[in-house]
Amino acid sequence: MRTRKSALVAAMCAGLAATLAACGGEGGKDPDAGTNGVGKLPAAKIESKARAAAGSARAVRLSGNLVTKGRTYTLDVRLKGDGGTGQVSTQGSTFELLRVGKELYLKADAGFWAREGAGKGGDAAGDAADKLDDKYVKVPPGDPSYRRLTGFTDKKVLLDGLLGLHGRISAGDRGEVSGVRTIRVLGGEGGEGGSLDVSLEGRPYPLRLQRAGRAGVIRLADWNKDFTLTAPDQDHVLDYGRQIPDGP
């Protein structure tokens, strides 16, 4: 008798649990279980927390494509407060950037410099390209390209320019970026003003950005992972004074 009663109680409890789960009651799975809780917040608050987390991070890695002023750039750069380093490609050309404090260096092969100097000096331009091959060229602050190139190595400038969404902010679907659970925040109707995938694990860092107007997709990773920035050996640096020859 006691065994039959125990079996009956177990069966009743199992049936009740199934009913609660089907109705979304206590047996349902909480989508915020084990997360940092930002998924419960209003969309504008999620975006605000993501921007604050990004701004306070010591370092980050950005990779992907962005379109600015009609030009598409592919980048893979690591940034922190006092500089950055990485690779940038645009219009068939690829170059490396290194900034240590205010000192900015550009490194590329002879083909890059030959393309940049095409039609601007004949044999002299070719000779200059050979001399610049695989060397670090110190970009003078007065050079027209200094400000634009520095922007790719400036954590604050780059993040401030990239992370803003346009239009009314709304919450989108939950998903994953590189195995990390995320909540998507949308700008404008259906994300026309851009979208931001924010981590639901640990600090609410932005992990993926779709820029407004299909102006590129950027992944953000290695938050707070420090790295070393060291100026190149002087034997591998060419300093052209006020302006580099036919810079990018």
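Which residues of α2 are buried? They are A43, I46, E47, A50, A53 and A54. The sections below place this helix in its predicted model.

## Overall make-up

The protein has six helices and 12 strands. It counts 248 residues, and 38% of them are buried. Its accessible surface comes to about 13,900 Å². Carbon and sulfur atoms hold 50% of that area.

Contacts between residues at least 6 apart in sequence were also sorted by separation. Of these, 54% join residues at least 24 apart.

## The sheet

The 12 strands form an open sheet with mixed pairing. The strand order is β7-β8-β9-β10-β11-β1-β2-β3-β4-β5-β6-β12. At the edges stand β7 and β12 (237–239), each paired on one side only. From one strand to the next, the twist averages 20 degrees.

Two helices pack on this sheet. Helix α2 touches β7, β8, β9 and β10, and its direction makes about 60 degrees with that of β7. Helix α6 touches β1, β2, β10 and β11. The direction of α6 makes about 50 degrees with that of β1.

## Strand β1 and its two partners

Strand β1 covers residues 59–68, and β2 covers residues 71–80. The two pair in the antiparallel sense over 10 bridges. Two residue pairs fix the register. N65 stands opposite T74 in β2, and S63 has D76 of β2 as its bridge partner. Two residues lie between the strands of this hairpin. One residue to check there is K69, which takes a positive phi near 55 degrees.

Strand β1 also pairs with β11 (residues 216–221). That pairing is antiparallel too, over six bridges. Here R61 stands opposite A221 in β11. In a regular strand, side chains alternate between the two faces of the sheet.

## Helix α2

Helix α2 runs over residues 43–56, which makes 14 residues. How does its length compare with the span expected at 1.5 Å a residue? The expected span is 20 Å, and the end C-alpha atoms are 20 Å apart, so the two agree.

The buried set again is A43, I46, E47, A50, A53 and A54. Seen down the helix axis, these buried residues fall within an arc of 125 degrees, so they line one face of α2. The elements that cover them include α6 (155–162), β7 (169–177) and β8 (180–187). Also among the covering elements are β9 (195–199) and β10 (206–210).

## P204 in the β9–β10 loop

P204 lies in the loop between β9 and β10. Is P204 buried or exposed? Its relative accessible area is 12%, and the cut-off for buried is under 20%, so P204 counts as buried.

Which residues does P204 touch, leaving aside those up to four places away in sequence? They are N36, V38, K49, A50, A53, V198 and S199. Two of these, A50 and A53, are also listed among the buried residues of α2. V38 is a distant neighbour in sequence, 166 residues from P204. In space, the two C-alpha atoms are 7.3 Å apart.

Note on methods. Residues numbered from 1 in each chain as written. Predicted model: local features only at pLDDT ≥ 70, side-chain atom pairs only at ≥ 80, totals over all residues. Heavy atoms only, no water. Helix = DSSP H or I, 4+ residues; strand = E, 2+ residues; numbered from the N terminus. Buried < 20%, exposed > 50% of the residue type's maximum accessible area, 1.4 Å probe, protein only. Contact = heavy atoms within 4.5 Å. Areas by Shrake-Rupley, 256 points an atom, 1.4 Å probe, with all protein chains shown as cover. Expected span 1.5 Å × (residues − 1). Arc of directions from axis to C-beta. Pairing = 2+ DSSP bridges. Axes fitted to C-alpha atoms, helices over the stretch in contact; angles between N-to-C directions.
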